[in-house]
Amino acid sequence: MITMYGIKNCDTIKKAQKFLINHKVDFEFIDFRDNPIDKTKLQTFVDKVTWENLINKRSTTYRNLNNKEKGNITLELVLKNPTIIKRPILIIGDDIMVGFSEKNYLKL
């Protein structure tokens, strides 16, 4: 089973969901605004993919951070500002996939 984390009104999430549905891939969607990611799960994401790959530096949330925060991304900062996370996050067994790419999704 695949678990997708994101925000339901995100255009990239909608594209990824449509792709998975059209390719008959079963998945569970978790909106991290409605069901916030806990510190342990976030740490697992960071351990697997690093902050560099997890943070969406093009997001409004990231651009609104001050330089000190941008230079020191912490679990607490991201838990307080979950929209800074690149979307979607797919959990496939022990693997994590960040962002949407048809090429990568075709491998699912």
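**Figure 1. The accessible surface and overall build of the chain.** The accessible surface of this predicted model comes to about 6,800 Å², and carbon and sulfur atoms hold 46% of that area. Accessible areas come from the Shrake-Rupley method with a 1.4 Å probe, and for residues only the protein chains shown count as cover. Buried residues, meaning those under 20% relative accessible area (exposed is over 50%, partly exposed in between, with a 1.4 Å probe and protein chains only), make up 42% of the 108 residues. The model is a prediction, where local features need pLDDT of at least 70 and side-chain atom pairs count only at pLDDT 80 or more, while totals for chains, interfaces and linings use all residues. Residues are numbered from 1 along each chain as its sequence is written, and side-chain values use heavy atoms, with hydrogens and water left out.

**Figure 2. The order of helices and strands.** Here you can follow 6 helices and 4 strands; both are DSSP runs numbered from the N terminus, helices being H or I with at least four residues and strands E with at least two. Along the sequence they give the pattern β-α-β-α-α-α-α-β-β-α. The radius of gyration is 14 Å, close to the 13 Å from the globule rule for 108 residues, so the chain is as compact as a globular protein of that length. That radius is taken over C-alpha atoms, and the rule is 2.2 Å times the number of residues to the power 0.38. Along the principal axes, the C-alpha atoms fill a box of roughly 45 × 25 × 25 Å. Of the contacts (heavy atoms within 4.5 Å) with a separation of 6 or more, 61% are between residues 24 or more positions apart.

**Figure 3. Charged side chains.** The chain carries 19 positive and 13 negative side chains, with Lys and Arg counted as positive, Asp and Glu as negative, and His and the chain ends not counted. The centres of the two sets lie 7 Å apart, each charge being placed at NZ of Lys, CZ of Arg, CG of Asp or CD of Glu.

**Figure 4. Strand 3 and its two partners.** Strand 3 (residues 89-92) pairs with strand 4 (residues 95-98) in the antiparallel sense over 4 bridges; two strands pair if DSSP finds at least two bridges between them. Look for I91 with its bridge partner I96, and for I92 with D95. The two strands form a hairpin with 2 residues between them, and G93 in the turn has a positive phi of about 65 degrees. Strand 1 (residues 2-6) also runs antiparallel to strand 3, joined by 4 bridges, and Y5 stands opposite I89.

**Figure 5. The surroundings of I55 and Y62.** I55 sits in the loop between helix 2 (39-54) and helix 3 (60-63), and is buried at a relative accessible area of 3%. Leaving aside residues up to four places away in sequence, I55 touches Y62, I73, V78, I84 and K86. Y62 belongs to helix 3 and is buried too, with a relative accessible area of 11%. With the same sequence neighbours left out, Y62 touches I55, N56, K57, K70, I73 and I84. For a sense of scale, the C-alpha atoms of I55 and F32 are separated by 15 Å, at 23 residues apart along the chain. Y62 and V25 are 37 residues apart in sequence and 31 Å apart in space, C-alpha to C-alpha.

**Figure 6. Backbone angles worth a second look.** Most residues other than glycine have a negative phi, and most peptide bonds are trans. K24, which is not a glycine, has a positive phi of about 55 degrees. K24 lies in the loop between helix 1 (11-22) and strand 2 (27-31), and counts as exposed at 74% relative accessibility. T50 is another residue other than glycine with a positive phi, near 75 degrees. T50 lies in helix 2 and is partly exposed, with a relative accessible area of 39%. A cis peptide bond joins R87 and P88, with omega about -10 degrees; P88 is in the loop between helix 5 (75-80) and strand 3.
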